[in-house]
Amino acid sequence: MLCLIEYQEKYQDMKINLNINYGCNMNRFKRFVNSPKEIDGIEVVQDINEAVKATNEGRTVCRYEWGDSMTPILRHGEYAKLIPISENTEIKRGDAVLCKLDNEYDTSNPFYMTHMVWEISNSSYNGKPWYKIGSSSTSIYGWTQDIYALAVGMNVFEKKKKKSE
C-alpha cells in the first residue's frame with residue numbers, strides 16, 4: 001500500500017486534493033467496531049439506496065466501505081462519513097463522493113457507488129458540471145452529474161469476525 005506521501009508524489013501531475021484524515025503509519029489510531037447502529041452519533045446506513053435517500057434528505061450518515069479501489073482515500077473495511085452536498089459545496093478532483101452512474105445496459109437500474117472524482121468538465125447541462133468517476137488507481141467508471149455526498153474516511157473499521165462467530 002502506498003503511503004500518503006508516495007501517493008501524492010505519484011499523482012502530483014494530476015494535482016489531486018486528497019480528502020483523507022490519516023497518513024502512512026496511522027494504524028495505531030484505528031478504532032474497531034462490530035456492526036454498530038451509529039458511530040460518534042452518526043447513523044450507520046449500509047444499504048446504498050438508503051444512504052442516497054438519507055443524504056438527499058440532508059442527513060449525514062456513515063457507511064462501511066470494502067475493497068481496495070479507493071486506497072489510501074478510503075481503506076478496505078473503513079467506515080466513510082457521507083456528508084450531503086449542498087449548492088455551496090465545492091467538489092474537487094480527488095474528492096471521494098457518493099454518486100450515481102447510469103447503467104448502459106439497463107437505464108432503469110443505475111449504479112450507486114462511493115468513488116473518486118478524476119475530472120470535472122467545463123461544459124454543463126442544466127447548470128450542473130459533469131464529473132468523471134473512478135478508482136484511486138486507474139479505473140474509470142464513467143461521467144455523472146449526480147453527486148449526493150462527500151465521503152470522508154473515519155478511521156473506524158469493521159471488526160473482523162472469527163470463523164466460529
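What share of the contacts in the protein with a separation of 6 or more is accounted for by residues 24 or more positions apart? In this predicted model, such residues account for 55% of those contacts. The protein holds two helices and 10 strands. Read from the N terminus, its elements follow the order α-β-β-β-α-β-β-β-β-β-β-β. Of the 165 residues in the protein, 44% are buried. The accessible surface amounts to about 9,900 Å², and carbon and sulfur atoms contribute 47% of that surface.

The interior was examined next. The largest nonpolar core has 18 residues, and the members that touch the most others are Met70, Ile73, Leu74, Leu82, Ala96, Leu98 and Ala151. Two or more residues of this core come from each of the elements α2 (48–56), β5 (78–84), β6 (96–101), β7 (111–125) and β10 (147–158). Helix α2 provides the largest share of the core, with four residues. A second core, separate from this one, consists of 10 residues, including Ile91, Val97, Cys99 and Met113. Within the largest core, Met70 is one of the residues that touch the most other members. When residues up to four places away in sequence are not counted, Met70 touches Ala96, Thr114, His115, Met116, Gly134, Ser135 and Ser136. Among these contacts, Ala96 is itself listed with Met70 among the core residues that touch the most other members.

Two cysteines were considered separately. Cys62 has a relative accessible area of 0% and is therefore buried, the limit for this class being under 20%. Cys99, a member of the second core, likewise counts as buried, because its relative accessibility is 0%. The structure holds zero disulfides.

Charged side chains form nine salt bridges by the rule applied here. One of them joins Glu43 and Arg59, whose closest N and O atoms are 2.7 Å apart. This pair links distant parts of the chain, since Glu43 belongs to strand β3 (residues 42–43) while Arg59 sits in the loop between α2 and β4 (61–64), 16 residues apart. Arg59 also forms a salt bridge with Glu57, with a distance of 3.1 Å between the closest N and O atoms. Glu43, Glu57 and Arg59 are thus linked in a network of salt bridges. How accessible are the members of this network? Glu43 is partly exposed, at a relative accessible area of 36%, and Arg59 is partly exposed at 33%. Glu57 counts as partly exposed as well, with 47% relative accessibility.

A further salt bridge is found between the side chains of Lys132 and Glu119, at 3.4 Å from N to O. Lys132 lies in strand β8 (residues 128–134) and Glu119 in strand β7, so this salt bridge ties together parts of the chain that are 13 residues apart in sequence. Glu119 is partly exposed, with a relative accessibility of 35%.

On the surface, Tyr125, Trp130 and Trp143 form a nonpolar patch, and together they have about 330 Å² of accessible area. Trp143 is located in strand β9 (residues 140–144). The relative accessible area of Trp143 is 37%, so this residue is classed as partly exposed, between the limits of 20% and 50%.

Several features of the backbone were also noted. The peptide bond that runs from Thr71 to Pro72 is cis, with omega near 5°. Pro72 is placed in the loop between β4 and β5. Ser35, a residue other than glycine, has a positive phi near 50°. The position of Ser35 is in the loop between β1 (31–33) and β2 (38–39), and its relative accessibility of 48% makes it partly exposed. Asp40 is not a glycine either, yet its phi is positive, at about 50°. Asp40 is found in the loop between β2 and β3. With a relative accessible area of 55%, Asp40 is exposed, because the limit for that class is over 50%.

Definitions and conventions:
Residues are numbered from 1 along each chain as its sequence is written. This is a predicted model: local features need pLDDT of at least 70, side-chain atom pairs count only at pLDDT 80 or more; totals for chains, interfaces and linings use all residues. Side-chain values use heavy atoms; hydrogens and water are left out. Patches are made of residues with over 30% relative accessible area and no salt bridge: like charges are joined within 9 Å, nonpolar side chains (Val, Leu, Ile, Met, Phe, Trp, Tyr) within 5 Å. Accessible areas come from the Shrake-Rupley method with a 1.4 Å probe; for residues, only the protein chains shown count as cover. A salt bridge is a side-chain nitrogen of Lys or Arg within 4 Å of a carboxyl oxygen of Asp or Glu. Buried means under 20% relative accessible area, exposed over 50%, partly exposed in between (1.4 Å probe, protein chains only). A disulfide is a pair of cysteine sulfur atoms within 2.5 Å. Contact means heavy atoms within 4.5 Å. A nonpolar core is a set of buried Ala, Val, Leu, Ile, Met, Phe, Trp, Tyr and Cys residues joined through side-chain atoms within 4.5 Å.
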